[in-house]
Amino acid sequence: MPETPYLLGTHTEELERLRFQHTLWRPIAQAAWQRAGLQKGQSVLDLGAGPGFAAADLADVVGAQGRVLGLERSED
């Protein structure tokens with residue numbers, strides 16, 4: 001099956017849109033992670049990590065003792 005490119009692209013403008021979107025959704029995501037019981041030292045898998053904004057936030061949650069693995073199809 002041929003790989004299809006990300007519909008909205010991965011150019012600079014799209015990455016900035018995703019950064020803005022992440023900023024808007026960040027408090028909701030962080031509340032969900034807290035309800036899920038994420039804490040220092042845990043390992044987390046971020047599927048479809050995109051530019052990694054959530055993965056970076058998750059790394060703050062799990063700390064230096066934890067691990068975040070972000071998987072993304074796009075090389076960009």
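Asp57 touches His22, Arg26, Gln30 and Trp33, leaving out residues up to four places away in sequence. The model is a predicted one. The protein contains 2 helices and 2 strands, and from the N terminus on these elements run α-β-α-β. Of its 76 residues, 18% count as buried.

**Asp57 and its partners**

- Asp57 belongs to helix H2, which covers residues 53–62.
- The relative accessible area of Asp57 is 7%, so this residue counts as buried.
- The side chain of Asp57 makes a polar contact with the side chain of His22, at 2.7 Å.
- A salt bridge joins the side chains of Asp57 and Arg26, at 2.9 Å from N to O.
- This pair links distant parts of the chain, with Asp57 in helix H2, Arg26 in helix H1, and their positions 31 residues apart.
- Arg26 counts as partly exposed because its relative accessibility is 34%, whereas Asp57 is buried.

**Salt bridges within H1**

- The count of salt bridges in the model comes to 3.
- The side chains of Glu14 and Arg17 form one of them, at 2.7 Å from N to O.
- Both Glu14 and Arg17 lie in helix H1, 3 residues apart, or about one turn of the helix.
- Glu14 has a relative accessible area of 6% and is therefore buried, while Arg17, at 33% relative accessibility, counts as partly exposed.
- Glu16 forms a salt bridge with Arg19, and the closest N and O atoms of this pair are 3.4 Å apart.
- Glu16 and Arg19 are also both placed in helix H1, 3 residues apart, about one turn of the helix.
- Glu16 counts as partly exposed at 42% relative accessibility, and Arg19 is partly exposed with a relative accessible area of 41%.

**Nonpolar surface on H1**

- Phe20, Leu24, Trp25 and Ile28 form a nonpolar patch on the surface, and together they have about 480 Å² of accessible area.
- Trp25, one of these residues, is found in helix H1, residues 12–35.
- Trp25 counts as exposed because its relative accessibility is 53%, the cut-off for exposed being over 50%.
- The protein as a whole exposes about 5900 Å², of which carbon and sulfur atoms supply 57%.

**Helix H2 and its cover**

- The buried residues of H2 are Phe53, Ala55, Asp57, Leu58 and Val62.
- The cover over these buried residues includes H1, strand E1 (43–47) and strand E2 (67–71).
- Val62 is located in helix H2 and counts as buried, at 1% relative accessibility.
- Leaving aside neighbours within four places in sequence, Val62 is in contact with Gln39, Lys40, Gly41, Gln42, Val44, Arg67 and Val68.
- The C-alpha atoms of Val62 and Lys40 are separated by 3.9 Å, although the two residues are 22 residues apart along the chain.
- Gly63 follows H2 and has a positive phi, near 70 degrees.

**Strands E1 and E2**

- E1 and E2 run parallel and are joined by 5 bridges.
- Which residue in E2 is the bridge partner of Asp46? The partner is Gly70.
- In a regular strand the side chains alternate between the two faces of the sheet.
- Along E1 the side chains do alternate: Val44 and Asp46 point to one face and are buried, while Ser43, Leu45 and Leu47 point to the other face and are not buried.
- Val44, one of the buried residues of E1, is also among the contacts of Val62 in H2.

**Contacts along the chain**

- Among contacts between residues at least 6 apart in sequence, 48% join residues at least 24 apart.
- The salt bridge of Asp57 and Arg26 spans 31 residues, from helix H2 to helix H1.

Methods:
Residues are numbered from 1 along each chain as its sequence is written. This is a predicted model: local features need pLDDT of at least 70, side-chain atom pairs count only at pLDDT 80 or more; totals for chains, interfaces and linings use all residues. Side-chain values use heavy atoms; hydrogens and water are left out. Patches are made of residues with over 30% relative accessible area and no salt bridge: like charges are joined within 9 Å, nonpolar side chains (Val, Leu, Ile, Met, Phe, Trp, Tyr) within 5 Å. Accessible areas come from the Shrake-Rupley method with a 1.4 Å probe; for residues, only the protein chains shown count as cover. A salt bridge is a side-chain nitrogen of Lys or Arg within 4 Å of a carboxyl oxygen of Asp or Glu. Helices (H or I, at least four residues) and strands (E, at least two) are DSSP runs, numbered from the N terminus. Buried means under 20% relative accessible area, exposed over 50%, partly exposed in between (1.4 Å probe, protein chains only). A polar contact is a pair of N or O atoms within 3.5 Å; within protein, one must be able to donate a hydrogen and the other to accept it, and residues adjacent in sequence count only if both atoms are side-chain atoms. Contact means heavy atoms within 4.5 Å. Two strands pair if DSSP finds at least two bridges between them.
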